[in-house]
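Me: I am new to this structure and would like a close look at one part of it, the place where two helices pack against each other. Please take me through it carefully, and then on to the sheet.

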Amino acid sequence: MSLDKTPNANRFQIGIFGKRNTGKSSLINAITNQNVSLVSNIAGTTTDPVQKAMEIHGIGPCLFIDTAGFDDEGDLGQLRNQKTFDVAKKIDAAIILINDENFDMELNFFDKNVPTIFAINKCDELKNIDTLRNKIREKTNLEPICISAKTKKNIDALIDALIKIKPYTEKNIVDGLVDKNDLVMLVMPQDIQAPQGRLILPQVQTIRSLLDKKCITICTTTDNFTTALESLKSAPKLIITDSQAFKFVYENKPPNSLISSFSILFAKYKGDITEFIRGAQKIEQLNKNSRVLIAEACTHVPLEEDIGRVKIPQLLKNKFGCQIEFAHDFPDDLSQFDLIIHCGACMFNRKYMLARIAQAKNQNIPITNYGLAIAKLTGILDKVVY
C-alpha cells in the first residue's frame, strides 16, 4: 500500500491545539507547505477539525489535525470545543501552541501519556519569550520550541522533535500466530456487504501482514472453502475467516488447523484483547431485558445482511428473546447498557479504540468485539486463536 493511500487509521496522528488566534492553522500550513487551513486575524476562524495527510521522513505516513480554539464561547463554541476534545482522544502526539503566560487551559490538553511538544508561536513578535519559556518548563518539565508559523522559523526543529517522540513502531496483525513459509488460508465471503470490485480494509491489511511475514497465503470464498482445502497437499497452519462464517468454517476445517477471524485479529491489533475476551464472557449474563450497544467505527448504509445491525442482534435475540434492546451511537454516558459489542475498528487508530475501552472500563460496562461475540454465541470462543 503506497504512502498516499495509507488509511488515516494507520497514520501517526498529530493534533495541534491552542487558544483561538494562536496560529494553529498557520502552523499546519507551514508544516505541509500548503494552504490546508483557512487563516485569518479573526478569532475562531477554524470551526471544525481540519486534517492533512502527508509523509515525514523518520515518521512515515502521518496525519496532522488542526483544531478549533478550545477557548471558544457560546453554545456553538461549546460544540466546537467538544470536537477538539474528541480529537485529543485519538492522537498519537500533540503540539500545544502558547502565546501568553496564562496557559492553564492549555495544560488541560497535556496528557503525560501522549508525547507532547509545547511551542511558543509568533516568537518574532512576542517580548516575553524568556519568561514564557521558563514558566512552561516549570509547569511541564518540557523544553518549549520557539517558532514562527508565519515566517517558518524553527519549523524544521519542530519536525525534528516530532520524529524523536514517535512512540511506537507498527505492529504486524498476525504477530505470534505464524512464521515464515507457513500456509495460511483466508475465507472471505463476497456477499452483499462486500464493496464492488474491492476487498474490505481488514482483509487487505491482513493479506499485507501475511506477505510481510513471508507466509504462503491462499484466499477463498466461503462456498469454495472445502474445495480449496481439498486442493492442498497439506492443511493450513492457520485459517482466518470472516466472523460471519465462523460456525461453517470451524465445522469443516482440518483438525490441526488453527482458526481465527479478521475481527478477532483486529481486536488485538487495535484494542485490548484481554478486556474484549472478558466482555465476551459477560454475554452469558444478558437476559431478555438487557440493552446492548453495538458500536461501529465507520458510517455506512445498513444492508439486509449487515453484521452489526442484523446478524449479531439476531443471534442475541435467538438466545435471549426478542425484547432485548440495541443502540448504535457511542455516548459519553454508557451506564444505560449491559454490554458493548464493538466492530473491528479498522477505521480507528489504536489510541482511539483504547480510549473507548478505557471509557467502558471506567463506567464498569463490559466491552467486546464482533468476532469474539460471534465466537462466544456459536460456542467456539475457547477454540479461536489471537
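Reply: Helix H6 (residues 201–212) and helix H9 (residues 262–270) pack at an angle of about 75 degrees, with their axes 10 Å apart. Axes here are lines fitted to C-alpha atoms, for helices over the stretch in contact, and angles run from 0 to 180 degrees between N-to-C directions. That angle makes H6 roughly perpendicular to H9, a term that covers 65 to 115 degrees. The model is a predicted one, in which local features need pLDDT of at least 70 and side-chain atom pairs count only at pLDDT 80 or more, while totals for chains, interfaces and linings use all residues. Residues are numbered from 1 along each chain as its sequence is written, and side-chain values use heavy atoms, with hydrogens and water left out.

From H6, Pro202, Gln203, Gln205 and Thr206 meet Phe262, Leu265, Phe266 and Tyr269 of H9, where contact means heavy atoms within 4.5 Å. By class, this contact of H6 with H9 has five nonpolar, three polar and no charged residues.

As for the sheet, six strands form an open one with mixed pairing, in the order E2-E3-E1-E4-E5-E6; two strands pair if DSSP finds at least two bridges between them. Strand E2 (50–56) and strand E6 (145–146) stand at the edges with a single partner strand each, so one side of each is left without a neighbour in the sheet. Strand E1 (residues 12–17) and strand E4 (residues 93–98) run parallel and are joined by four bridges, and Gly15 stands opposite Ala94 in E4.

Note on methods. Helices (H or I, at least four residues) and strands (E, at least two) are DSSP runs, numbered from the N terminus. Angles under 35 degrees count as roughly parallel, over 145 as roughly antiparallel, 65 to 115 as roughly perpendicular and the rest as oblique. Ala, Val, Leu, Ile, Met, Phe, Trp, Tyr, Cys and Pro count as nonpolar, Asp, Glu, Lys and Arg as charged, and the others, Gly among them, as polar.
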